[in-house]
Amino acid sequence: MYHRRLQPNELDELLAKIGKESNLLYFTYLTVRRQQTVHYGQFSSDGRLLGVLAYLYGLPFHAFSYALF
């Protein structure tokens with residue numbers, strides 16, 4: 001298992017996988033707040049995406065969201 005920062009093209013692909021209703025906060029970070037977030041993915045040893053995490057920076061407190069697959 002490994003983790004790495006996601007590239008912009010991977011974030012675009014995530015839009016098809018993330019359901020707005022089931023992951024509203026992460027969906028918001030992926031769309032509306034995309035310029036203020038950093039996204040990381042967790043991958044299995046064979047390269048399959050298991051989950052994603054987004055950290056929203058610029059606030060006086062830590063804010064993050066995640067989605068699992």
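This passage describes the sheet, the helix packing and the nonpolar core of a predicted model.

The sheet is a good place to start. Four strands make up an open sheet, arranged in the order β1-β2-β3-β4 with antiparallel pairing. Because β1 and β4 stand at the edges and each has a single partner strand, one side of each is left without a neighbour in the sheet. From one strand to the next, the twist averages 20 degrees. Strands of a sheet pair through backbone hydrogen bonds, in either a parallel or an antiparallel arrangement.

The β3 and β4 pair can be followed in some detail. These two strands are joined by six bridges in the antiparallel sense, and they form a hairpin with six residues between them. Within the turn, G58 adopts a positive phi of about 100 degrees. Two pairs of residues help to fix the register by eye: V52 stands opposite A67 in β4, and Y55 has F64 of β4 as its bridge partner.

In a regular strand the side chains alternate between the two faces of the sheet. This pattern can be traced along β4, where A63, S65 and A67 point to one face and are buried. The side chains of F64, Y66 and L68 point to the other face and are not buried.

Turning to the helices, α1 lies across β1, β2 and β3, and runs at about 110 degrees to β3. Which residues of α1 are buried? They include E10, L11 and L14. These residues cover an arc of only 100 degrees around the axis, so they sit on the same side of α1. On the other side of the helix, P8, E13 and A16 are exposed. The buried residues of α1 pack against β1 (2–5), α2, β2 and β3.

The largest nonpolar core contains 15 residues. Those with the most contacts inside this core are L6, L14, I18, Y26, L30 and V52. Helices α1 (8–17) and α2 (24–30), together with strands β3 (49–56) and β4 (63–68), each supply at least two of the core residues. L14, listed above among the buried residues of α1, thus reappears here among those with the most contacts inside the core.

V52 offers a convenient viewpoint on the same region. Not counting residues up to four places away in sequence, V52 touches L6, L14, Y26, Y40, G41, S65, Y66, A67 and F69. Among them are L6, L14 and Y26, which are also listed with V52 for the most contacts inside the core.

T37 gives a view from strand β2 (residues 37–43). With a relative accessibility of 7%, T37 counts as buried because the cut-off for that class is under 20%. Its side chain reaches the backbone oxygen of R33 at 3.3 Å, and a polar contact of 2.8 Å joins the side chains of T37 and H39. Leaving aside neighbours within four places in sequence, T37 is in contact with Y29, Y55, L56 and Y57.

Finally, M1 lies in the segment before β1. M1 is exposed, with a relative accessible area of 63%. Leaving aside neighbours within four places in sequence, M1 is nevertheless in contact with Q42, F43, S44, S45 and L50. M1 and G51 are 50 residues apart in sequence, and their C-alpha atoms are 11 Å apart in space.

Key. Residues numbered from 1 in each chain as written. Predicted model: local features only at pLDDT ≥ 70, side-chain atom pairs only at ≥ 80, totals over all residues. Heavy atoms only, no water. Core = buried A, V, L, I, M, F, W, Y, C linked by side-chain atoms within 4.5 Å. Buried < 20%, exposed > 50% of the residue type's maximum accessible area, 1.4 Å probe, protein only. Contact = heavy atoms within 4.5 Å. Pairing = 2+ DSSP bridges. Polar contact = N/O pair within 3.5 Å; in protein donor to acceptor, adjacent residues only side chain to side chain. Arc of directions from axis to C-beta. Axes fitted to C-alpha atoms, helices over the stretch in contact; angles between N-to-C directions.
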